[in-house]
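Welcome! Here is a short briefing to help you find your way around a structure you have not met before. Take a moment to look it over, then read on.

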Amino acid sequence: MVRTSALPASSTHDNNALIAVLGAGAIGQLMYHKLSVNTQEAQVNEVILIGRDKQTRHQQLRFIDHTQHTHEALATILGTDDNRLARVELLFVCVKAYQVEQALLPLLPKLSPQCHIVLLHNGLGPHLPVAAALMRYKDMGLTLGTTSQAALKLSPWQVKYSGLGVTQLGHYCGSVMSAALKTCLTRLHSDNQPIEWHQPVLPVLWQKLAINAVINPLTALNQCANGQLAATEYQSQISAIIDELVEVAKYDGIILDKAAVKARVYQVIELTSANFSSMYQDVAHSRPTEINEINGYICQQAKALHLNVPNNQYLVDKVLQLSKS
Ligand SMILES: NC(=O)c1ccc[n+]([C@@H]2O[C@H](COP(=O)([O-])OP(=O)(O)OC[C@H]3O[C@@H](n4cnc5c(N)ncnc54)[C@H](OP(=O)(O)O)[C@@H]3O)[C@@H](O)[C@H]2O)c1
């Protein structure tokens, strides 16, 4: 067993900026462990989690890495009333897409005025109210991202690294991320999982949206593993979902190559053929899904542009019905 970090209650590095992860779920704990690597070394920022509670507390975490090594960490879970929030200079938001606004907006006035925020959820949409709220904080900045890494919560405080992959990030609005903070992010790929920077970032996020807009609802509705979507019976539906998405993206100023998007969707179906998507699992466990931020975002943008997207609307309606039943 390896101890990755142990942050004492009263730290001796009080003047140092903090790196925080909002949302102590599967991806949040994965990011915490990856960012915490080497925290014992001098000159390295402390990493903390931010939870739902007002009071700060400490929590023993367990992380099983991709080589099956188990790491223990005593994490600080900063309370939302803790004035150390004012030292948070880099904030990773790792809640579900539908939780972003409620979790993040009340924290904005409490963070460092120069805080840089990174949204790392699946789907699109929450960046719009966040960007609008940030207009009042002129020195803050917003980076959007997506990760293909995967993490599985074995119990509330035990997370297993279940899939390697790339993390794609790009500036969206406000102040750009400082070189010093970008250096901190090198810790995210200390195990050789690449970080890619993209400018502009939205085309990358629309590309990822296409993957999620196909795989998530179709596996949830057909109760199947990802690989089953390679069957010919799904071909025309998959084409229709992508055609609509590419059209909406175009009117939204994002030019996507339809053939390349389709090829990538089928590649991911093949690469993850044995996996059960997060929406499949959310529906199976009667949890809320991210359908409104995936196919729902396509429908919302289409409505504003007076475009019809019946195939995506059908999926939204069906998944919402399924989650209610
Ligand atoms: N898991 C993966 O492998 C994976 C891979 C790629 C992308 N993603 C994406 O990453 C995002 C997070 O997914 P996840 O699997 O990590 O979800 P998750 O395990 O449900 O984690 C979300 C965490 O955020 C917490 N939270 C919710 N509202 C909060 C608030 N107001 N204040 C503080 N904490 C709050 C939740 O606490 P409660 O438990 O108390 O609600 C939970 O601990 C999703 O968009 C997902 O699609 C996940």
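The notes below cover confidence, the ligand surroundings, one helix and a group of strands.

This is a predicted model, and the mean pLDDT of its chain is 92.

**Confidence**
- A pLDDT of 70 or more is reached by 93% of the residues.
- Residues 1-15 deserve some caution, since their pLDDT stays under 50.
- For that stretch the model has 25 contacts beyond four places in sequence.

**Around the ligand**
- The shell around the ligand holds 24 residues, and those that come nearest are Gly23, Gly25, Ala103, His121 and Asn122.
- Two or more residues each come from helix H1 (26-36), helix H2 (100-104) and strand E9 (150-155).
- Sorted by class, the shell has 10 nonpolar, 10 polar and 4 charged residues.

**Helix H5**
- H5 runs over residues 202-222 and reaches 30 Å from its first C-alpha to its last, close to the 30 Å expected for its 21 residues.
- Most of H5 is covered, with 16 of its 21 residues buried.
- Just after H5 comes Gln223, which takes a positive phi of about 45°.

**Strands that pair with E5**
- E5 (residues 70-78) pairs with E3 (residues 46-50) in the parallel sense over 2 bridges, and here Leu49 stands opposite Ile77.
- With E4 (residues 57-64), E5 pairs in the antiparallel sense over 8 bridges, and His58 stands opposite Thr76.
- E4 and E5 form a hairpin with 5 residues between them, and Gln68 in the turn has a positive phi of about 70°.

How values were computed:
Residues are numbered from 1 along each chain as its sequence is written. This is a predicted model: local features need pLDDT of at least 70, side-chain atom pairs count only at pLDDT 80 or more; totals for chains, interfaces and linings use all residues. Helices (H or I, at least four residues) and strands (E, at least two) are DSSP runs, numbered from the N terminus. The expected span of a helix is 1.5 Å times one less than its number of residues. A residue is buried if 20 or more other C-beta atoms lie within 10 Å of its own, exposed if 12 or fewer, and partly exposed in between; C-beta atoms are placed from the backbone. A residue is near a molecule or strand if its C-beta atom, placed from the backbone, lies within 6 Å of it. Ala, Val, Leu, Ile, Met, Phe, Trp, Tyr, Cys and Pro count as nonpolar, Asp, Glu, Lys and Arg as charged, and the others, Gly among them, as polar. pLDDT is the predictor's confidence in each residue, from 0 to 100. Two residues are in contact if their C-beta atoms, placed from the backbone, lie within 7 Å. Two strands pair if DSSP finds at least two bridges between them.
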